[in-house]
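Biologist: I am new to reading models like this. Could you walk me through a few features, one at a time?

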Amino acid sequence: MKYFGTDGFRGEANVGLNVMHAYKAGRFLGWYYGQEHKARIVIGKDTRRSSYMFEDALSAGLTASGADVYLLHVTPTPSVSYVVRTEQFDCGIMISASHNPYYDNGLKVINGNGHKLEAEIEEKIEEYIDGPEDAIPFATRENIGCTIDYAIGRHRYIGYLMSLATRSFKNIRVGLDCANGSSYSVAKGVFDALGAKTYTIGMEPDGININDGCGSTHIEKLQEFVKEKNLDIGFAYDGDADRCLAVDDNGNVIDGDAILYLCGCYLKEKGELNNNTIVTTVMSNIGLYKALDKAGIAYEKTDVGDKYVNANMMEYGHSLGGEQSGHIIFSKYAVTGDGVLTSLMLMEVMLEKKTKLSELRKNLKIYPQLLKNVKVADKKAAMEDLEVAAAVKEAEEALGGNGRILIRESGTEPLIRVMAEAETEELCNKYVGNITEILEKKYKTE
């Protein structure tokens, strides 16, 4: 597709994704869902400066097509999914570019079941955006839609999160890095209400500092904070709070793979790990698979992207799945990755076990992993290059069963991602270097 990738329509604000794109997306969605009744559509946004502009453009398009628009304001992506599916909205739209820099933005459209929008509808939106004529009629008179302040929807989501905690967090010293993003309006309030001693960073959004040196993409800031404040645990969210990484009491990172391991073992003990299976992506560390084998837990591997994880979980009824990056889905409680929910689940594991995270993860040995991105002019040609394929094959043969090479194209950016896992960092550097050198020489673009 031209505009929609693995995580919605994303691009630099008013460059790859402009106000007319948003307006026309709104026009189409308002008409599409309003063919048999007056459409009800809910909108959430993150803290980027351009999010306010896109909220207005979407609202104009939606109401011009006759839809009523309910505004959640600054809120996490999973809250939009929650509100849509629990309060019978036709669809939801989250304005966010997730972990990307502030100057990017995106439109994540969520269907009435709380899942990402079907590809066939995304294709129709694209056709309408690029169409030579506007064939969708404007609503008139009493049929014109209106916008409604719906902050209460976010409050209900907060109440839902709080209801999931099975015990008090009293006297637990918790650090939160809210990335100057969506979670700043939710996370601290939840942890405070549950009794934690909460310490925060990334809580002063100004429209351009989202993900800037903070949050899950810059976990080192939280690591320092946890050690400096002598905290029991820390959680870092991304810009729209659909992913979470943690830091243990020693300041070590608990990434998505470690979260899957800890929560998977815990759910297995409780008899709540459906099919005794965890759903992962091909980016998960080989160390996770070795640890799961030892724990007697099966696993599935999907393409990269939480929508593929979710599709597998829905098809086979699995209860836990996610990505190394921190998108974790607990299907009993949500249908999307939810950073704050993930942090609550980790708190439950730690409190139930009465054991520090640093101890709980000691049976998980993560192999050194190196990921390098190469910006290329032609992703297809780079992926099909015979010299690159030969270098990958050579590396795989040399590593044998003690490592692997993965090369893939980004679904949202003009990048080829080259990843290696091996027993030492030196081997990772060697094989990633060999492959990226070829890519940079033949395909790199500034």
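Modeller: Happily; this is a predicted model, and we will go through a sheet, a helix, some salt bridges and a surface patch.

Biologist: Let us begin with the sheet. In what order do the seven strands of the open sheet run?

Modeller: Strands of a sheet pair through backbone hydrogen bonds, either parallel or antiparallel. Here the open sheet has the order 1-2-6-5-3-4-7, with mixed pairing. Strand 1 (4-5) and strand 7 (147-149) are its edges, each pairing on one side only. For a detail, look at strand 2 (residues 8-12) and strand 6 (residues 104-110), which run antiparallel to each other over four bridges. Gly11 has Asn105 of strand 6 as its bridge partner.

Biologist: Now a helix. Which residues of helix 9 are buried?

Modeller: An α-helix has 3.6 residues a turn, so residues three or four places apart point the same way. In helix 9 (residues 286-295), the buried residues are Ile286, Gly287, Leu288, Tyr289, Ala291 and Leu292. Their cover includes helix 8 (256-270), strand 13 (277-281), strand 14 (298-302) and strand 19 (415-421).

Biologist: What caps the N-terminal end of helix 9?

Modeller: Asn285 does, with a side-chain oxygen 2.7 Å from the backbone nitrogen of Gly287. After helix 9 comes Gly296, which has a positive phi near 75 degrees.

Biologist: How many salt bridges are found in the whole structure?

Modeller: Side chains of opposite charge can pair when their charged atoms come close. The search gives 24 salt bridges. One of them joins Arg156 and Glu87, with the closest N and O atoms 2.9 Å apart. Arg156 sits in helix 5 (residues 151-164) and Glu87 in the loop between helix 3 (77-86) and strand 5 (91-95), so this pair ties together parts 69 residues apart in sequence. Arg156 is partly exposed at 40% relative accessibility, whereas Glu87 is buried at 14%.

Biologist: Which residues share a network with Lys108?

Modeller: Lys108 is linked by salt bridges in a network with Asp7, Arg10, Lys116, Asp240, Asp242 and Asp306. Lys108 and Asp242 meet at 3.3 Å, N to O, and both are buried.

Biologist: Last, the surface. Which residues make the nonpolar patch?

Modeller: Tyr102, Tyr103 and Ile208 make a nonpolar surface patch of about 270 Å². Ile208 belongs to the loop between strand 9 (197-201) and helix 7 (220-229).

Biologist: Why does Ile208 count as partly exposed?

Modeller: Because its relative accessible area is 37%, and partly exposed covers the range between under 20% (buried) and over 50% (exposed).

Notes. Residues numbered from 1 in each chain as written. Predicted model: local features only at pLDDT ≥ 70, side-chain atom pairs only at ≥ 80, totals over all residues. Heavy atoms only, no water. Patch = residues over 30% accessible without salt bridge, like charges linked within 9 Å, V, L, I, M, F, W, Y side chains within 5 Å. Areas by Shrake-Rupley, 256 points an atom, 1.4 Å probe, with all protein chains shown as cover. Salt bridge = Lys/Arg side-chain N within 4 Å of Asp/Glu carboxyl O. Helix = DSSP H or I, 4+ residues; strand = E, 2+ residues; numbered from the N terminus. Buried < 20%, exposed > 50% of the residue type's maximum accessible area, 1.4 Å probe, protein only. Contact = heavy atoms within 4.5 Å. Polar contact = N/O pair within 3.5 Å; in protein donor to acceptor, adjacent residues only side chain to side chain. Pairing = 2+ DSSP bridges.
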